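Dear colleague,

Please find below the structure I am handing over to you, with its sequence. My findings follow directly after it.

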Amino acid sequence: MKRTPTRSGCILKVPEPKTAKNRLHIDVRVPGHGSSDERWARIKAESERLVRAGGTVLERFDGHHVLMAGPEGNEFCAGAASA
């Protein structure tokens, strides 16, 4: 896949047509260092903040990321930023 850098992320072009998932998938990266438990606590706190803002938790991948959806059903993930 070709990556096109942007100011705060990148855009990936995929060869397959949309079937069920969004064509645009946003990842919310939660900054900070520390142990995996500390990073997971920050991810959970951010996902709770996003729920208060109108998001919905679809699935938790404990210790790694949270799959969420916005009010219109568009999926995105909340996970740790690269160290």
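I begin with the interior. The largest nonpolar core of this predicted model consists of 8 residues: Val30, Trp40, Ile43, Leu50, Val66, Met68, Phe76 and Ala78. Two or more of these residues come from each of α1, β5 and β6 (75-80). The largest share is that of α1, which supplies 3 residues. In soluble globular proteins, nonpolar side chains tend to be buried together.

One member of the core, Val66, may serve as a point of reference. Apart from neighbours within four places in sequence, valine 66 has contacts with Trp40, Ile43, Ser47, Val57, Glu59, Arg60, Phe76, Cys77 and Ala78. Among these contacts, Trp40, Ile43, Phe76 and Ala78 are also listed in the core.

Overall architecture

The chain contains 1 helix and 6 strands, and their order along the sequence is β-β-β-α-β-β-β. Of its 83 residues, 20% count as buried. The accessible surface amounts to about 6,400 Å², and carbon and sulfur atoms hold 53% of that area. Among contacts with a separation of 6 or more, 33% are between residues 24 or more positions apart.

The sheet

Four of the strands form an open sheet with mixed pairing, in the order β3-β6-β5-β4. Its edges are β3 (26-30) and β4, each of which pairs on one side only. From one strand to the next, the twist averages 25°.

The pairings may be taken in the order of the sheet. β3 and β6 are parallel and share 5 bridges. Within this pair, isoleucine 26 stands opposite phenylalanine 76, and aspartate 27 stands opposite cysteine 77. β6 is also joined to β5 by 5 bridges, here in the antiparallel sense. Phenylalanine 76 in β6 is the bridge partner of methionine 68; Phe76 and Met68 both appear in the core described above. Finally, strand β5 (residues 65-69) pairs with strand β4 (residues 56-61) over 5 bridges, again in the antiparallel sense. In that pairing, histidine 65 of β5 stands opposite phenylalanine 61.

The two hairpins

Two hairpins connect the last three strands of the sheet along the chain, and each has a glycine with a positive phi. The hairpin of β4 and β5 has 3 residues between the strands, and glycine 63 has a positive phi near 85°. In the hairpin of β5 and β6, 5 residues lie between the strands, and glycine 73 in the turn has a positive phi of about 90°.

The helix

Helix α1 (residues 36-52) lies across β3, β4, β5 and β6, and runs at about 10° to β5. Lysine 44 belongs to this helix. Is lysine 44 buried, exposed or partly exposed? Lysine 44 counts as partly exposed, because its relative accessible area is 35%, which lies between the limits of 20% and 50%. The C-alpha atom of lysine 44 is 9.3 Å from that of glycine 63, and the two residues are 19 residues apart along the chain.

Salt bridges

How many salt bridges does the structure hold? There are 2 salt bridges.

One of them joins arginine 49 to glutamate 46, with 2.7 Å between the closest N and O atoms. Both residues lie in α1, 3 residues apart, or about one turn of the helix. Their accessibilities fall in separate classes: arginine 49 is partly exposed at 39%, whereas glutamate 46 is buried at 18%. Glutamate 46 counts as buried because its 18% relative accessibility is under the 20% limit.

The other salt bridge links aspartate 27 with arginine 29, and here the closest N and O atoms are 3.7 Å apart. This distance falls within the 4 Å cut-off. Aspartate 27 is partly exposed, with a relative accessible area of 39%. Aspartate 27 is also the residue that stands opposite cysteine 77 in β6.

With kind regards

Technical notes. Residues numbered from 1 in each chain as written. Predicted model: local features only at pLDDT ≥ 70, side-chain atom pairs only at ≥ 80, totals over all residues. Heavy atoms only, no water. Pairing = 2+ DSSP bridges. Salt bridge = Lys/Arg side-chain N within 4 Å of Asp/Glu carboxyl O. Buried < 20%, exposed > 50% of the residue type's maximum accessible area, 1.4 Å probe, protein only. Core = buried A, V, L, I, M, F, W, Y, C linked by side-chain atoms within 4.5 Å. Contact = heavy atoms within 4.5 Å. Axes fitted to C-alpha atoms, helices over the stretch in contact; angles between N-to-C directions. Areas by Shrake-Rupley, 256 points an atom, 1.4 Å probe, with all protein chains shown as cover.
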